[in-house]
Amino acid sequence: MQTLLQPPAVKDQDEQLKLLLVDDDDEDLFFLKRMLKQSGRPHDVLEARNVDQAVEQLQHHPDIVLLDFYLGHQTAFDLLQRMQKSGCQLPVILLTGDDDAEIDQLALSKGIADYLPKRQVSSAILDRSIRYAHRDFQRLQQLEYLAHYDTLTRLCNRRLFMDRLHHACEGAKRHLTTGALLYIDIDGFKQINDELGHATGDELLKVVAERMSLIVRSADTVARLGGDEFVILLENIAAAEAHRVAQKLLCAMEEPVQLGSNLVRCSLSIGLCMFSAESGSPHEILTSADRALYQAKLIGKHTYCSFNQRLMESLSRQHLIEQMTQQTVDSGEFSLHYQPRLDSLREKIVGFEALARWPKRDDVQLTPGDFIPVLESLGLMDRFTQWVIDKALADLQQLQQWVPDCVLSLNVSSSSFASMVVKD
């Protein structure tokens with residue numbers, strides 16, 4: 001189960017802070033504790049006399065580290081290096097016995113919050129340094145959170161997700177493992193937003209985020225890309241288990257969501273793409289999952305579809321044909337061919353049958369068996385039929401010059417014919 005990340009907690013300036021004092025000199029430790037006591041502010045003080053002890057004390061999650069530069073045969077930078085390797089981010093105030101310009105410059109390059117020569121330290125100076133360092137660190141945490149997390153759902157945002165996907169792809173190549181990417185959106189979310197308002201839509205997004213996070217493992221990444229689009233990154237997972245996760249996600253939304261006085265029912269559509277060492281770039285993997293999601297929408301929503309290259313090529317061609325058919329109807333580029341109808345007894349032409357043909361193009365050539373079903377699926381059949389009728393009637397006079405009293409035959413779909421009867 002993945003836990004939704006909470007925004008960084010903000011402590012008030014007068015709230016008790018936990019301080020870690022790291023110094024190998026007992027007199028200096030005593031001096032620092034006396035300065036802290038004279039400041040009049042409450043502090044919870046931890047102590048360490050070397051780098052190893054300091055690392056152990058970090059497990060108690062101090063708010064600030066007050067660090068002496070010289071620690072026996074080691075220095076403050078040894079502790080900073082170990083903190084960095086472990087991912088521990090804390091404000092550090094460096095204390096030294098001498099005012100050394102070189103150490104000052106090194107401290108700045110290491111990201112030290114403040115640099116204080118011990119002989120210049122007073123309770124007021126130390127208190128101010130602690131408060132400023134803590135305030136600046138909290139602000140930095142807030143900015144980092146806003147840069148990497150979605151403030152509504154508290155999930156990763158696109159920026160952090162793409163970074164994790166990149167690392168997951170590198171890990172799959174390095175360790176020869178497989179992973180999965182799920183691209184998800186909420187069926188009918190726009191209608192919910194339009195009918196119940198954006199505030200209700202936002203609450204639904206939070207519920208969906210929470211339900212998805214309860215299903216995946218703690219090491220998995222759930223992210224919101226924007227709107228009602230979500231992605232889930234499953235690292236080091238077999239295809240069968242990834243499919244089970246997709247099925248669980250579908251089941252998770254079967255229970256209605258109570259949002260205020262509204263009981264909202266919604267479902268998910270999911271595109272699944274497996275990746276391995278042989279897969280393409282992170283962008284290509286994301287695009288493949290998006291295409292699989294599109295296929296799931298075509299199937300009928302509330303389902304998931306796994307990416308298949310042959311299927312997607314067919315899907316791309318189908319999408320291209322739909323676009324070209326729409327454009328051809330709008331521009332009236334179809335043509336009519338007139339096939340003669342013969343009276344075998346009189347051995348003469350008695351009429352013509354109008355046959356619609358796709359315009360001549362270099363890229364795509366379609367037969368009526370190809371474009372007629374597309375016209376029907378796009379709801380363009382009535383417009384197309386009306387164009388055929390208008391065009392045939394316009395050509396009829398010229399046809400009659402060749403064959404007087406000819407009969408012109410048109411093939412009209414039953415739905416269009418019913419519509420024509422109603423219009424008449």
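Me: In this predicted model, how many strands does the open sheet that contains β9 and β14 have, and in which order do they lie?
Reply: To read a sheet, one follows its strands from neighbour to neighbour and notes how they pair. Here the open sheet has five strands in the order β9-β10-β8-β13-β14, and its pairing is mixed.

Me: Which strands stand at the edges of this sheet?
Reply: An edge strand is recognised by its number of partners. β9 (221-226) and β14 each have a single partner strand, so one side of each is left without a neighbour in the sheet. Averaged over this sheet and with direction ignored, neighbouring strands are turned by 20 degrees against each other.

Me: How many bridges join β8 to β10, and do these strands run parallel or antiparallel?
Reply: Strand β8 (residues 179-186) and strand β10 (residues 229-234) run antiparallel and are joined by six bridges. Taking one residue pair as an example, I184 has F230 in β10 as its bridge partner.

Me: Which strands does helix α6 touch where it packs on the sheet, and which does α10 touch?
Reply: For a helix on a sheet, one lists the strands in contact and then compares directions. Helix α6 (residues 158-175) touches β8, β9, β10 and β13 (268-275), and its direction makes about 135 degrees with that of β9. α10 also packs on the sheet, where β8, β10, β13 and β14 are the strands it touches, and its direction makes about 145 degrees with that of β13.

Me: Where is D228 placed, and which side chain of opposite charge is nearest to D228?
Reply: For a charged residue, one looks at burial and at possible partners together. D228 belongs to the loop between β9 and β10. D228 is buried yet lacks a salt bridge, the nearest side chain of opposite charge being that of K297, at 5.9 Å, whereas a salt bridge would require a nitrogen-to-oxygen distance within 4 Å.

Me: Which backbone atom does the side chain of D228 reach, and which residues does D228 touch?
Reply: The D228 side chain reaches the backbone nitrogen of I186 at 3.2 Å. Leaving aside residues up to four places away in sequence, D228 touches I184, D185, I186, F189 and L205; I184 is the residue already met as the bridge partner of F230.

Me: What is the strand order in the sheet that contains β1, and is its pairing parallel or mixed?
Reply: This open sheet consists of five strands in the order β2-β1-β3-β6-β7, with parallel pairing. Its edge strands, β2 (43-48) and β7 (114-117), each pair on one side only, and from one strand to the next the twist averages 20 degrees. Between strand β1 (residues 17-22) and β2, which run parallel, there are six bridges, and V22 has A48 in β2 as its bridge partner.

Me: What is the phi of H61, and is H61 buried or exposed?
Reply: One reads such a residue by its backbone angle, its place and its accessibility. H61 is not a glycine, yet its phi is positive, at about 55 degrees; H61 lies in the loop between α2 (51-57) and β3 (64-68). Because its relative accessibility is 63%, H61 counts as exposed.

Me: Is P62 buried or exposed, and which residues does P62 touch?
Reply: P62 is placed in the loop between α2 and β3 and is buried, with a relative accessible area of 4%. Not counting residues up to four places away in sequence, P62 touches K18, L20, L46, Q57 and L90. The C-alpha atoms of P62 and P91, which are 29 residues apart along the chain, are separated by 9.7 Å.

Conventions:
Residues are numbered from 1 along each chain as its sequence is written. This is a predicted model: local features need pLDDT of at least 70, side-chain atom pairs count only at pLDDT 80 or more; totals for chains, interfaces and linings use all residues. Side-chain values use heavy atoms; hydrogens and water are left out. Helices (H or I, at least four residues) and strands (E, at least two) are DSSP runs, numbered from the N terminus. Buried means under 20% relative accessible area, exposed over 50%, partly exposed in between (1.4 Å probe, protein chains only). Two strands pair if DSSP finds at least two bridges between them. Axes are lines fitted to C-alpha atoms, for helices over the stretch in contact, and angles run from 0 to 180 degrees between N-to-C directions. Contact means heavy atoms within 4.5 Å. Lys and Arg count as positive and Asp and Glu as negative; His and the chain ends are not counted. A polar contact is a pair of N or O atoms within 3.5 Å; within protein, one must be able to donate a hydrogen and the other to accept it, and residues adjacent in sequence count only if both atoms are side-chain atoms.
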